[in-house]
Amino acid sequence: LSPICPFSSVSSRSALSMALTCGAWLICFLNYFASYANHMMAVIFVIYATDEFGLSDVEAGVLYGWWGILSSLWSGFFGFFVIDRVGVKRLTVVGIITLCINRIILGFTQSESIMRFVVLVSSPISEGILGPVYFIGIKKLTAAEHRPLAYSIMFAVSNAGGGSSDIVVDILRLWYATRLEWWNYVVGAWVTPARACFLSAGFVLLLSTGLALALPDSLVPPLCPHKYKEFSDESSTSSGRCSPCSVVVQAFSLLKDRNLWRVCIVATCLTFTKMQWHHMNATLPKYLVRQLGETVPWGAINSIDYFLCAALAPLLAWATGHWHDANAIIIGSFVMSVSPIFMTLEVSIRASCAWLVLMSIGEVIWNPRFTTYTANLSPHGREGVFLVLAYVPTFIGGLPAGWLSGELLSRYSPDCPSCRETEGAFCQVNCAHPGSACNATNRLTDQLLCTSFKNSGTCLSRQWPGLDACPVSCATCPGWSEHADGPSLWLWVLILATTGPVLLFVFRRLLLQDANKDTVCHMDDCDIKKACPEVVGVTIDNYVERD
C-alpha cells in the first residue's frame with residue numbers, strides 16, 4: 001500500500017510538511033492508537049485488578065509494576081536484537097495485532113490465572129515489540145534539522161491518544177453509574193466499565209492495523225543475507241560477508257561512546273521525577289475515589305496532562321528551540337518536580353488539576369527535548385541498541401514504581417471495604433430516598449439503610465453507627481479518617497521527584513559539552529576487526545571514510 005500524502009505538493013513548504021513525510025505521519029497516527037491502548041491499560045488496570053479479582057492495593061500495584069518492567073524488558077530485547085534487522089514496519093504490524101488480541105482477552109476473561117498470564121507474559125511482549133518502533137521510525141524518516149519539531153508532533157499526538165482514553169473511561173463510568181438499565185441492554189450485565197475499556201482498546205487497535213500495513217517499504221529491510229543498516233551511507237557497499245558479527249559486539253562498541261553515558265546520566269537522574277506518571281495513572285484514580293467518591297471524574301482530571309501536552313508541545317518546541325537540549329531538560333524537569341506541592345496542601349479536585357497543569361508544562365519543556373537529545377546522539381544503523389543501553393538505568397530505577405504506588409495507597413489512603421460492595425460501588429444510596437428501590441424496606445426497619453446504585457450486594461445487611469447519611473466515599477466511612485493522611489502521600493512523591501533536577505544541575509557541565517567532539521563513529525564491525533582488532537570504536541577525528 002502506498003498512501004497519498006496531503007503534504008507532498010511541490011508548492012507546500014510549511015514547517016509541518018518539511019518535518020514529517022507521509023510515513024512519519026503514519027507513525028504519528030499509529031502512535032496515537034497505541035497510546036490510547038497503553039494508557040487505557042495503565043490507568044484502569046489497578047482498579048480492574050482490585051474490583052474484578054479482589055487484589056489488594058499492594059498486589060495490584062506490584063502486578064502493575066511488573067507489567068511495566070516486563071514491557072520495558074521486551075522493548076529492550078526487540079530494540080537490541082531485532083528492529084535494526086527486521087525493520088520498523090514488520091514489528092509494527094505484528095505488535096498491533098498481538099496487542100489487540102491481548103486487550104480483548106482482558107475484556108472477556110473471568111480467570112485470574114489468564115489475567116496474570118496476559119499481564120505478565122503476552123501483553124508485555126506485544127508492548128515490547130511496539131516500544132522502539134515509533135522513536136526509530138521517526139528518526140529514519142526525518143532530517144536532523146526537522147527532528148525536534150517531528151518529535152514534538154509525535155509527542156503531542158501520543159498524548160492526545162492518552163487523553164482520549166481518559167475521556168472514554170469517564171464516559172463509560174458515568175453511563176454505568178447513571179443508566180445501568182441501558183448499559184445492561186446495550187453492553188451486557190456481565191461487562192463492567194473496566195472490561196468495556198479494554199474492549200474499546202482492542203477495537204481501536206484493530207482499526208489501526210490498516211495504517212501499519214501502509215507504512216513505507218523503506219522501513220522493511222532485507223532479512224538476510226546482507227547486513228542491514230537502514231539509511232546508512234555504507235548500505236550500498238556492504239557485501240553481506242559480516243554475518244558472524246554479533247549485536248553484542250556492537251553493544252560493547254557503544255559502551256565506549258561518551259554520548260551514550262550522557263543519555264544514561266539524564267535517564268537515571270529523572271527516574272523519580274518521571275515516576276509522577278505512574279502516580280497519575282496508578283495512584284490518583286484510587287486516591288480520588290476513596291477521598292471524594294466514585295462519581296469524581298478522575299478520567300477527565302487525568303486527561304489534563306495529556307491534552308495540555310498535546311496542545312503545548314509544538315508551541316513550546318518553537319518557543320524553546322534556541323535552548324540547548326540540556327538546559328531545556330533541567331528547567332522542564334524542575335517545573336515538573338515541584339508540581340505535587342498542590343496535593344500536599346489540600347484534598348480536592350482543584351489541587352489535582354493544579355498538579356497536573358504544572359506537571360504538564362514541565363513535561364512539555366523537557367520530554368520532547370530528551371527524545372531529541374537521545375536521537376541526535378545515537379549512531380546510524382544502531383539506534384535500537386543505543387536506545388536499549390541508554391534506558392537501562394531507567395529500567396532498573398523503575399522497578400519499585402508499582403510497589404511504591406500500592407504501598408503509599410495502603411498506608412496513607414487505604415480502601416474501605418466496610419462501606420463498599422465487592423465490585424467497588426459505595427453504599428451511598430439512602431433507602432429513605434423516595435426514588436430508592438429499597439424504600440419500603442427502610443420504612444419497615446425504621447433505621448438508616450444504605451445500598452449501592454446497583455441495589456445489590458451486602459450493603460443492606462450492614463449497620464451504620466454514628467452516621468446520619470450513607471457513606472459516599474471512604475472519607476465519610478466510620479473510622480477511616482483515623483488511618484488516612486492523603487497529603488503525606490503526596491509529600492513523599494514531591495520529595496522523591498525533586499531529586500531529578502538537583503542531580504541534573506550537578507552534571508550540567510558534562511551535559512552541555514559539545515556532543516560532536518565526542519561522537520564515536522561505529523564502522524562495520526568486520527572492517528574494524530581487520531583494521532585494528534583491539535579497538536571496536538574509533539573517534540571521528542581518526543576515522544577515514546571507506547572508498
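Does Tyr176 count as buried or exposed, and at what relative accessibility? In this predicted model, Tyr176 has a relative accessibility of 8% and therefore counts as buried, since buried means under 20% relative accessible area. Its ring also takes part in a contact with Trp183, and that contact is a convenient place to begin a walk through the aromatic side chains.

A pair of aromatic rings is described by the distance of the centres and the angle of the planes. Across the structure the count comes to 14 aromatic pairs. For Tyr176 and Trp183, the ring centres are 5.1 Å apart and the planes stand at 75 degrees, so this pair is edge-to-face, the term used when the planes are over 60 degrees apart. Trp183 has a relative accessibility of 0% and for that reason counts as buried, as Tyr176 does at 8%.

A second pair, formed by Trp355 and Trp490, has another geometry to describe: the centre-to-centre distance is 4.9 Å and the angle between the planes is 55 degrees, and the pair is tilted. This contact links distant parts of the chain, with Trp355 in helix α16 (residues 349-377) and Trp490 in helix α21 (residues 486-497), 135 residues apart. Trp355 counts as buried because its relative accessibility is 0%, and Trp490, also at 0% relative accessibility, counts as buried by the cut-off already given.

Rings can also be joined into a group through their pairs, and Phe45, Tyr48, Phe53 and Phe198 are linked in this way into a cluster. An aromatic ring may, in addition, lie under a charge, as with Phe426, where the charged end of Arg420 sits over the ring at 4.4 Å from its centre.

The cysteines come next. A disulfide is a covalent bond between the sulfur atoms of two cysteines. How many disulfides does a search of the whole structure find? The search finds four, and three of the links are followed here, beginning with the one that joins Cys416 to Cys474, with an S to S distance of 2.0 Å. The angle about the S-S bond in the link of Cys416 and Cys474 is -80 degrees, and the link is left-handed. Cys416 lies in the loop between α19 (401-412) and β1 (429-430), whereas Cys474 lies in the loop between β2 (450-451) and α21, so the pair ties together parts that are 58 residues apart in sequence. Cys416 is buried, with a relative accessible area of 4%, and Cys474 is buried as well, at 0%.

Cys419 and Cys477 form another disulfide, in which the sulfur atoms are 2.0 Å apart. Here the angle about the S-S bond is 80 degrees, and the link of Cys419 and Cys477 is right-handed. Because Cys419 is in the loop between α19 and β1 while Cys477 is in the loop between β2 and α21, this pair, too, ties together parts that are 58 residues apart in sequence. Cys419 counts as buried at 0% relative accessibility, and Cys477 is buried with a relative accessible area of 5%.

A further disulfide is formed by Cys450 and Cys470, with their sulfur atoms 2.0 Å apart. The torsion about the S-S bond of Cys450 and Cys470 is about -90 degrees, which means that this disulfide is left-handed. Why does the pair tie together parts that are 20 residues apart in sequence? It does so because Cys450 lies in strand β2 and Cys470 in the loop between β2 and α21. Cys450 is buried, with a relative accessible area of 0%, and Cys470 counts as buried at 8% relative accessibility. Two other cysteines may be placed on the same scale of accessibility, Cys28 being buried at 0% and Cys264 being buried at 8%.

From these buried side chains the account turns to the surface. Ile97, Ile101, Ile105 and Ile114 make a nonpolar surface patch of about 310 Å². Which helix contributes the largest share of the nonpolar patch? Helix α4 (residues 88-108) does, with three residues, and Ile101 is found in this helix. Ile101 has a relative accessibility of 47% and therefore counts as partly exposed, the class that lies between the limit of under 20% for buried and that of over 50% for exposed.

Notes. Residues are numbered from 1 along each chain as its sequence is written. This is a predicted model: local features need pLDDT of at least 70, side-chain atom pairs count only at pLDDT 80 or more; totals for chains, interfaces and linings use all residues. Side-chain values use heavy atoms; hydrogens and water are left out. Patches are made of residues with over 30% relative accessible area and no salt bridge: like charges are joined within 9 Å, nonpolar side chains (Val, Leu, Ile, Met, Phe, Trp, Tyr) within 5 Å. Accessible areas come from the Shrake-Rupley method with a 1.4 Å probe; for residues, only the protein chains shown count as cover. A salt bridge is a side-chain nitrogen of Lys or Arg within 4 Å of a carboxyl oxygen of Asp or Glu. Helices (H or I, at least four residues) and strands (E, at least two) are DSSP runs, numbered from the N terminus. Buried means under 20% relative accessible area, exposed over 50%, partly exposed in between (1.4 Å probe, protein chains only). Rings of Phe, Tyr and Trp (its six-membered ring) pair if their centres lie within 6.5 Å; planes under 30 degrees apart count as stacked, over 60 as edge-to-face and the rest as tilted. A charge sits over a ring if NZ of Lys or CZ of Arg is within 6 Å of the ring centre and within 35 degrees of the ring normal. A disulfide is a pair of cysteine sulfur atoms within 2.5 Å.
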